[in-house]
Amino acid sequence: MMVSGWTRSIARAALIVCVSLLASSGSGSAQTAPAVPTDTPTPAAAGPTDTPTPVPPAAPIDTPALVPVAAAPVATPTPIFSSGVPCATDDPTTERVRRSERHGDDLDGEGDHDEFRTGNGRNEVILHNCTDNRLRVRAAIQLNTIPGRVVIPLNEAYAEGSCLRCQTLSVALQIDAYSAERARDIEPQNFAVAINTGCTRCVTVALAIQYVQGVDDPQDVSEELGGTVDALSRELTAIQSDRSVTLPEAESRLNAVIARFNTLGGSLSQQREERDD
């Protein structure tokens with residue numbers, strides 16, 4: 001009984017020693033192994049840097065000197081209003097009285113009427129006043145001798161105002177001497193047209209005067225007829241030269257001369273048209 005107790009004591013002690021050894025072994029394996037030093041690569045020495053060869057600056061370019069060029073003058077166009085007729089200017093070639101003579105062709109009545117009208121003469125006076133506070137007068141006198149059978153002359157006065165407190169007078173005078181023996185178709189054309197476009201406190205007058213007379217010889221103009229035409233031309237020139245004359249005064253002076261045609265025995269046609277505001 002005593003041996004077995006001793007044996008158990010030895011066995012227990014041996015067990016304790018084994019447990020102690022096992023515990024000691026376990027704690028040793030949990031320790032972290034020392035880090036192995038890492039070989040750091042030696043940096044390579046930098047080689048010499050290639051410096052680019054500098055490029056020489058470009059040679060300066062000679063810039064040609066700029067020569068100033070004068071701008072071409074711009075022509076100011078003549079104003080044109082809604083009617084399409086250019087405004088009158090102070091050009092002396094258009095402001096003076098225009099006189100002309102037309103010796104008609106010996107037309108026998110065959111052909112187109114436009115041809116007859118051309119052969120018998122056309123007298124057209126066109127005036128467009130665009131100047132404020134100004135009286136403008138334009139006139140034309142035409143003497144036609146028509147030996148043929150067709151008598152269709154054209155006489156027309158056109159006046160237009162486009163201004164402020166202005167006055168406009170257009171006068172067309174045509175004298176037609178035709179063969180009383182040969183003429184068969186006698187149809188003279190006489191017109192007066194007056195209009196205002198954008199006109200304020202203005203008066204516009206168109207006056208068309210046509211004197212037609214049958215004579216023995218159209219080429220032989222009588223002294224009375226020629227003298228009346230000359231007197232009317234002088235009066236018109238004087239009116240155009242007088243800047244102080246008014247429109248009523250101008251018409252009164254013209255009518256005094258025109259009345260002389262009534263004593264010559266022919267046919268006098270007067271067309272007058274007036275427009276105000």
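**Close-ups of a predicted model: overall fold, three disulfides and helix H4**

**View 1. The whole protein, held together by long-range contacts.** Of the contacts in the protein with a separation of 6 or more (a contact being heavy atoms within 4.5 Å), 81% come from residues 24 or more positions apart. The secondary structure adds up to five helices and ten strands; helices (H or I, at least four residues) and strands (E, at least two) are DSSP runs, numbered from the N terminus. Of the 277 residues, 34% are buried, where buried means under 20% relative accessible area, exposed means over 50%, and partly exposed is in between (1.4 Å probe, protein chains only). The protein exposes about 17500 Å², with 56% of that supplied by carbon and sulfur atoms; the areas come from the Shrake-Rupley method with a 1.4 Å probe, and for residues only the protein chains shown count as cover. This is a predicted model, so local features need pLDDT of at least 70 and side-chain atom pairs count only at pLDDT 80 or more, while totals for chains, interfaces and linings use all residues. Residues are numbered from 1 along each chain as its sequence is written, and side-chain values use heavy atoms, leaving out hydrogens and water.

**View 2. The Cys87 to Cys130 disulfide.** Here the S to S distance is 2.0 Å; a disulfide is counted when two cysteine sulfur atoms lie within 2.5 Å. The torsion about this S-S bond is about -75°, so the disulfide is left-handed. Cys87 sits in the loop between helix H1 (2-29) and helix H2 (92-95), and Cys130 in the loop between strand E2 (122-129) and strand E3 (135-146), so the pair ties together parts 43 residues apart in sequence. Cys87 is buried at 9% relative accessible area, whereas Cys130, at 21%, is partly exposed.

**View 3. Two more disulfides, making three in the protein.** Cys163 is joined to Cys166, S to S 1.7 Å, and with 65° about the S-S bond this link is right-handed. Both of these cysteines, Cys163 and Cys166, are buried. Cys199 and Cys202 pair up too, with sulfur atoms 1.8 Å apart, and each of them is buried. Counting bonded cysteines along the chain, the pattern reads 1-2, 3-4, 5-6.

**View 4. Helix H4, residues 223-241.** This helix has 19 residues and reaches 27 Å from its first C-alpha to its last, close to the 27 Å expected at 1.5 Å a residue; the expected span is 1.5 Å times one less than the number of residues. Its buried residues include Leu225, Val229, Leu232, Leu236 and Ile239. In general, an α-helix has 3.6 residues a turn, so residues three or four places apart point the same way.
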